[in-house]
Amino acid sequence: MKKTRLTLILVSLCVLPLPLLGATANYAVGFYAGIMPSPGGDLNSYVQIAKYNSSNGIDGINKSLDGFSTSTINRPFGVTGGVEFKAIFFDYYFARVAGNYTRSVYGGKGKTVYDSDPGAPFVPELLTAKYAITAYDIPITVGLCIPFWKDVKISFSCGFAVAYGDYTNSFKSTSNTDKGSFSGWCYPLVLMLQGEYFLTETVSLSSSLSYYRGSTEILKDSKKSDTVDFAKIDFSGYRINFGMAYYFYSI
Amino acid sequence: MTDGRVLENSDAAETITRYSITYTGVPLFAGLNFPVQDIGEFYMGGGVEYFLAGGTISMGAQQKDISAMALGYGFIAGVQLNVTSKTRLYMEWEYIDARTGAIMQTTAAAWDNLYIDLTGHRIMVGFMYYVI
């Protein structure tokens with residue numbers, strides 16, 4: 001009995017939106033650009049733990065000491081952008097596929113100090129550190145879309161992305177030089193909130209907020225001339241984008 | 001303001017036992033507003049926030065005052081509901097990613113190593129009065 005009631009409720013919930021069957025499907029293409037704070041997360045790697053006194057990557061690498069001219073190494077600030085294809089079915093159901101490019105453009109470099117000879121008495125040395133990350137991803141999400149009259153649509157969707165990343169780091173001091181380069185794939189989880197404001201019946205301005213969660217497995221440094229390094233590429237983080245979309249086809 | 005006590009330190013060399021940090025943030029965001037007829041609006045934006053932080057760190061019997069600044073990046077997303085023609089009730093989700101540089105020595109090594117992580121989510125509820 002309970003099962004029958006539950007089935008009836010679920011079927012009713014699915015059927016509720018059907019009076020709006022008039023617009024069966026709408027398809028749109030769009031482009032957008034925006035920002036991503038902290039692409040790559042803390043950019044931790046084995047060499048930073050073993051040689052440069054940081055157990056949490058770029059966050060812990062910062063040290064300052066009298067007599068050394070250091071500058072804060074901030075997590076990188078990234079820009080992101082891409083193109084999208086989306087479909088809205090029966091006014092309420094939303095599906096989207098896109099292609100994104102993200103890269104760090106600011107931060108991620110500076111000067112710090114480290115103990116160049118951990119076995120001996122304290123031997124601090126100035127260290128120049130640089131971090132950079134580039135990512136490409138194809139997110140595929142499905143979800144719900146709420147239209148507010150003909151002016152505004154707000155949609156929430158979730159899914160996954162096929163993501164490829166390229167992370168490089170370099171550490172240079174008088175007695176040590178290390179460079180790392182890592183490339184890898186993974187499938188991060190994607191959540192997305194998007195708002196659209198229609199300028200005409202077919203053209204909309206959009207803003208979107210997306211959250212990625214996922215990282216590659218541990219990757220081996222492809223530069224073989226120095227200490228072999230190991231790191232993950234972390235795609236986790238928020239991205240906010242602004243763009244335009246054109247609804248080119250309705251059934 | 002964040003206040004806490006370290007009960008079990010994972011790093012034996014780290015001697016912090018208690019901390020109390022207060023910060024002021026000045027955010028600047030730009031984005032899009034989505035009006036929903038005469039009910040209110042939904043908005044999203046990205047931007048920067050400048051932080052001034054201060055506080056006290058206790059390491060055993062020793063107490064040290066700290067001060068630091070940081071620039072962070074992030075976004076806001078929120079809704080505003082019209083209450084009267086000039087006042088609106090709003091609820092806003094803000095996320096900012098920001099860390100200070102090294103500001104204090106907490107280990108046996110002679111350098112400053114402690115940084116303050118100001119990264120996090122903030123949920124704000126309030127009233128907005130539109131002067132113009």
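The legends below walk through several close-up views of a predicted model.

**View 1. Welcome to a tilted ring pair within chain A, A:Y164 with A:W185.**
A search of the whole structure finds 23 aromatic pairs over all chains. In the pair shown here, the ring centres of A:Y164 and A:W185 are 5.1 Å apart and the planes meet at 55°, so the pair is tilted. The two partners come from distant parts of the chain: A:Y164 belongs to strand β6 (residues 152-172) of chain A, while A:W185 belongs to strand β7 (residues 177-186) of chain A, 21 residues apart. How accessible are they? A:Y164 is partly exposed, at 27% relative accessibility. A:W185 is exposed, since its relative accessible area of 57% lies over the 50% cut-off.

**View 2. Here a ring pair joins two chains.**
A:Y238 and B:Y95 make a tilted aromatic pair, with 4.6 Å from centre to centre and 45° between the planes. Why does this pair join two chains? A:Y238 lies in strand β12 (residues 237-250) of chain A and B:Y95 in strand β5 (residues 87-97) of chain B, so the pair has one ring in each chain. Are these two residues buried or exposed? A:Y238 has a relative accessible area of 13% and is buried. B:Y95 is buried as well, at 11%.

**View 3. Now take in the contact between chain A and chain B.**
On the chain B side, 31 residues are in contact with 38 residues of chain A. The area buried between the two chains is about 2,700 Å², and carbon and sulfur atoms give 75% of it. Which three residues are worth finding on chain B? B:M44, B:Y73 and B:W111 supply 25% of the area that chain B buries against chain A, more than any other three residues.

**View 4. Meet an aromatic cluster in chain A, along with two charges over rings.**
Five residues form one aromatic cluster: A:Y27, A:F85, A:F89, A:F248 and A:Y249. For the charges, look at A:R239, whose charged end sits over the ring of A:Y212, 3.8 Å from the ring centre. In chain B, B:R88 lies over the face of B:Y130, at 4.4 Å from the centre of the ring.

**View 5. This view follows an open sheet of 6 strands in chain B.**
The strands are ordered β1-β2-β3-β4-β5-β6, and their pairing is antiparallel. Which strands stand at the edges? They are β1 (2-5) and β6 (120-129) of chain B; each has a single partner strand, so one side of each is left without a neighbour in the sheet. Neighbouring strands of this sheet are turned by 25° against each other on average, direction ignored. To look inside the sheet, find strand β4 (residues 62-82) of chain B, which 10 bridges join to the antiparallel β5(B). One bridge to look for pairs B:G78 with B:E92 in β5(B).

**View 6. Our last stop is A:V162 and its surroundings.**
A:V162 is placed in strand β6 of chain A and is partly exposed, at 24% relative accessibility. Which residues does A:V162 touch, leaving out those up to four places away in sequence? The contacts are A:Y136, A:D137, A:I138, A:W185, A:C186 and A:Y187. Another residue to look for is A:L189: A:V162 and A:L189 are 27 residues apart in sequence and 9.5 Å apart in space, C-alpha to C-alpha.

How values were computed. Residues numbered from 1 in each chain as written. Chains lettered and ligands numbered in written order. Predicted model: local features only at pLDDT ≥ 70, side-chain atom pairs only at ≥ 80, totals over all residues. Heavy atoms only, no water. Phe/Tyr/Trp six-rings, centres within 6.5 Å; stacked < 30°, edge-to-face > 60°. Helix = DSSP H or I, 4+ residues; strand = E, 2+ residues; numbered from the N terminus. Buried < 20%, exposed > 50% of the residue type's maximum accessible area, 1.4 Å probe, protein only. Lys NZ or Arg CZ within 6 Å of the ring centre and 35° of its normal. Pairing = 2+ DSSP bridges. Axes fitted to C-alpha atoms, helices over the stretch in contact; angles between N-to-C directions. Contact = heavy atoms within 4.5 Å. Buried area = accessible area lost by both parts, 1.4 Å probe.
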